[in-house]
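This report goes through one protein chain from its overall layout down to single residues. Please keep the sequence and the 3D view open while reading.

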Amino acid sequence: MVKWSIFNDCPNEEAKPIVLFVNTIGYFAVSKSEILVTFTSRKAMALFAFLLFANHTRHAREDVAFLLWPKAAPKLARASLRQTVLELKRILAPHSPSMFCVTKDAIWLDKSYAKTDIGEVFDFPELNSIARVASMRRFAPEVFLKGLDDVSTEFGEWVFAMRTELTRDFVGMC
């Protein structure tokens with residue numbers, strides 16, 4: 001099961017201030033204090049979205065490289081991933097320098113620095129009217145990460161799987 005609610009993802013640590021708000025319904029967007037965070041490539045957006053919603057905490061670089069560059073030779077895919085990792089670090093550094101974590105073998109996000117539109121629905125169901133949940137259930141899955149589902153075939157398959165899971169989870173709310 002996907003953990004749509006990413007708030008307080010690190011329960012052993014003190015609560016951290018939410019720095020970034022991530023819009024995933026419709027076109028993907030990230031903002032800080034209502035100011036849009038500018039991504040310079042769709043691959044960087046896709047990497048951020050994947051790290052934010054994928055079930056595992058840490059992700060092997062080879063797996064992520066294959067997800068985003070499935071048709072590239074492994075060496076070229078790893079080089080492309082290195083460039084995208086650097087790009088994402090530059091993008092996130094002014095807003096949340098501790099959020100993006102990288103080692104030689106793995107990459108991940110400290111998800112406690114972010115909040116998502118979908119997470120709000122699951123975090124605070126008592127604040128959601130039946131009409132809002134019904135509307136989200138009807139439209140959200142088909143537009144989850146809209147515009148990123150064609151970054152690569154494998155990434156598109158991951159987005160489709162997430163949309164399927166989201167549909168199931170919304171049905172469970174009603």
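What follows covers the layout of the chain, its sheets, one helix and the nonpolar core.

**Overall layout**

The model is predicted. Its chain contains six helices and seven strands. Along the sequence these elements follow the pattern β-β-β-α-β-α-α-β-β-β-α-α-α. The chain has 174 residues, and 45% of them are buried. Among the contacts with a separation of 6 or more, 69% are between residues 24 or more positions apart.

**The four-stranded sheet**

One open sheet is formed by four strands in the order 3-2-1-7, with mixed pairing. Strand 3 and strand 7 are its edge strands, each pairing on one side only. On average, neighbouring strands of this sheet are turned by 35° against each other, direction ignored.

The table lists the strand pairs of this sheet.

| Strand pair | Direction | Bridges |
|---|---|---|
| Strand 1 and strand 7 (residues 114–116) | parallel | three |
| Strand 1 and strand 2 (residues 29–32) | antiparallel | three |
| Strand 2 and strand 3 (residues 35–37) | antiparallel | three |

Single residues show how these pairs line up. Val22 in strand 1 has a bridge partner in strand 7, Thr116, and a bridge partner in strand 2, Val30. Asn23 stands opposite Ala29 of strand 2. Further along, Lys32 stands opposite Ile35 of strand 3.

Which side chains of strand 1 are buried, and which are not? The side chains alternate: Leu20 and Val22 point to one face and are buried, whereas Phe21 and Asn23 point to the other face and are not buried.

Two hairpins belong to this part of the chain. The hairpin of strand 1 and strand 2 has five residues between the strands, and Gly26 there takes a positive phi near 90°. The hairpin of strand 2 and strand 3 has two residues between the strands, and in this hairpin Ser33 takes a positive phi near 50°.

**The three-stranded sheet**

An open sheet of three strands has the order 4-6-5 and antiparallel pairing. Its edge strands are strand 4 (59–60) and strand 5 (100–102), each of which pairs on one side only. Strand 4 and strand 6 (residues 106–109) are antiparallel and pair over two bridges. In this pair, Ala60 stands opposite Ala106 of strand 6.

**Helix 1**

Helix 1 covers residues 42–53, which makes twelve residues. At 1.5 Å a residue the helix should span 16 Å, and its end C-alpha atoms are 16 Å apart, so the two values agree.

Is helix 1 mostly covered or mostly open? It is mostly covered, with nine of its twelve residues buried. The buried residues are Ala44, Ala46, Leu47, Phe48, Ala49, Phe50, Leu51, Leu52 and Phe53.

Helix 1 lies across strand 4, strand 5 and strand 6, and it runs at about 75° to strand 6. Helix 1 also packs against helix 3 at an angle of about 80°, with the two axes 9 Å apart. Angles of 65 to 115 degrees count as roughly perpendicular, so helix 1 is roughly perpendicular to helix 3. At this contact, Lys43, Ala44, Leu47 and Phe48 of helix 1 meet Leu81, Thr84, Val85, Glu87, Leu88, Ile91 and Leu92 of helix 3.

**The nonpolar core**

In soluble globular proteins, nonpolar side chains tend to be buried together. In this model, the largest nonpolar core has 45 residues. Those with the most contacts inside the core are Phe28, Phe39, Leu47, Phe48, Phe155 and Trp158. At least two core residues come from each of strand 1 (20–23), helix 1, helix 2 (61–68), helix 3 (74–92), strand 6 and helix 6 (153–173). Which element gives the most to this core? Helix 1 does, with nine residues.

Phe28 can serve as an example of a core residue. Leaving aside residues up to four places away in sequence, Phe28 touches Val22, Asn23, Phe39, Met45, Phe48, Ala49, Leu145, Lys146 and Leu148. Of these, Val22 is one of the buried residues of strand 1, while Phe48 and Ala49 are among the buried residues of helix 1.

Methods. Residues are numbered from 1 along each chain as its sequence is written. This is a predicted model: local features need pLDDT of at least 70, side-chain atom pairs count only at pLDDT 80 or more; totals for chains, interfaces and linings use all residues. Side-chain values use heavy atoms; hydrogens and water are left out. The expected span of a helix is 1.5 Å times one less than its number of residues. Buried means under 20% relative accessible area, exposed over 50%, partly exposed in between (1.4 Å probe, protein chains only). Two strands pair if DSSP finds at least two bridges between them. Contact means heavy atoms within 4.5 Å. Axes are lines fitted to C-alpha atoms, for helices over the stretch in contact, and angles run from 0 to 180 degrees between N-to-C directions. A nonpolar core is a set of buried Ala, Val, Leu, Ile, Met, Phe, Trp, Tyr and Cys residues joined through side-chain atoms within 4.5 Å. Angles under 35 degrees count as roughly parallel, over 145 as roughly antiparallel, 65 to 115 as roughly perpendicular and the rest as oblique.
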